[in-house]
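Colleague: Got a minute to walk me through this one? I'd like the helix packing in plain words.

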Amino acid sequence: MSRSSQHRGSLEPESINAAGTEWIDAAGTGSIEAAAGPSRSARGPVGRGWLSLAPVPEGHTIHRLAARHAELFAGDKLHAASPQGRFAEGAARLSGTVLEGTEAYGKHLLHHYAGELTLHVHLGLYGKFTDGPAEPPEPVGQVRLRLASDRHWLDLRGPTACELLTPPEVAALRDRLGPDPLRADADPERAYARIARSPTPLAALLLDQSVVAGTGLIFVTEALFRARLPPTMPGRQLTRTGWDALWGDLVGLMRLAVEQGRIDTVRDTHLPEAMGRPARVDRHGGEVYVYRRPGAPCHVCGTEVSRGELAGRNLYWCRTCQAG
Ligand SMILES: [Zn+2]
């Protein structure tokens with residue numbers, strides 16, 4: 001079995017989750033309409049933690065990492081090691097080679113090294129990079145990969161994927177990902193071709209990384225709200241005009257997130273200062289319409305924000321604004 005096929009199943013957890021999508025509410029009764037906010041509190045802690053995993057970093061985070069790593073190391077000959085040992089062989093092959101450039105494709109980070117070596121990292125739920133200047137400290141915890149130049153070091157812990165790819169394997173990775181709204185070479189027609197013939201709910205399609213790459217739950221729920229589209233609408237009902245607007249909005253929201261380092265989706269007229277409401281308090285920081293706001297009033301119409309479950313993941317929407 002080749003390296004790429006060994007990892008194939010673990011690279012796209014969202015694609016797997018979204019496949020064969022079945023809509024159920026939080027109690028599993030099969031009614032998405034029933035899944036409103038506060039009435040569920042008796043069943044468990046609503047919102048943070050309940051039925052929700054820590055979000056996989058969305059595409060803007062990976063694009064920011066790619067830019068940072070290029071800024072830190074591009075053109076440098078790097079020392080590579082795997083203090084934890086699980087990537088010892090790969091690190092040995094990388095060590096002493098020059099990082100030529102980096103790129104992000106959806107939630108996948110690629111480092112391109114001299115000699116057609118590509119390092120592929122998918123952070124998954126738990127992966128994290130840390131970096132610092134000068135000499136690296138003693139490794140703490142499970143450091144899968146440590147890269148260091150004369151000026152800076154970078155540690156990677158807990159990724160879903162950390163592997164070396166050959167050029168054909170890089171091509172195969174790209175082929176199975178949909179267009180990434182943050183990439184200049186993205187072709188939104190590829191995504192629409194999938195969406196326009198699918199009976200699957202729009203939210204599930206947009207979370208499927210083989211349809212659109214880089215979009216996670218926050219961008220998808222918020223873009224659907226801004227487009228006033230119900231998340232359950234079958235893809236094939238989305239018009240050409242509707243897709244063009246939705247794609248354009250994703251591009252704009254994601255570019256803003258790359259610049260700001262957080263996701264803000266609220267239009268000026270719905271900002272806290274414009275509405276005289278408190279600012280959002282959340283570790284994500286950004287102002288949003290519906291994401292993780294179940295039971296709270298919609299910023300546009302006042303209806304309580306609804307929550308439902310999509311293949312094990314929470315989904316949020318306003319049943320008034322997004323009635324379709
Ligand atoms: Zn509303």
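Modeller: Sure, one term up front: a residue is buried if 20 or more other C-beta atoms, placed from the backbone, lie within 10 Å of its own, exposed if 12 or fewer, and partly exposed in between. It's a predicted model: local features need pLDDT of at least 70, side-chain atom pairs count only at pLDDT 80 or more, and totals for chains, interfaces and linings use all residues. Residues are numbered from 1 along each chain as its sequence is written.

Colleague: OK, what percentage of the protein chain's residues count as buried?

Modeller: 40% of the 324.

Colleague: Now α6. Which of its residues are buried?

Modeller: Ala191, Tyr192 and Ile195, in a helix that spans residues 188-195. Helices here are DSSP runs (H or I, at least four residues), numbered from the N terminus.

Colleague: Why are those on the same side of α6?

Modeller: Because they cover an arc of only 95° around the axis, going by the directions from the helix axis to the C-beta atoms. Glu189 and Ala193, on the other side of α6, are exposed.

Colleague: What do the buried ones pack against?

Modeller: α7 (202-207) and α9 (240-260). Contact means C-beta atoms, placed from the backbone, within 7 Å.

Colleague: Switching to α8 and α9: what's the angle?

Modeller: About 130°, with the axes 10 Å apart. Axes are lines fitted to C-alpha atoms over the stretch in contact, and angles run from 0 to 180 degrees between N-to-C directions.

Colleague: Which residues make that contact?

Modeller: Phe219, Glu222, Ala223 and Arg226 of α8, with Leu246, Asp249, Leu250, Leu253 and Met254 of α9.

How values were computed: Helix = DSSP H or I, 4+ residues; strand = E, 2+ residues; numbered from the N terminus. Contact = placed C-beta atoms within 7 Å.
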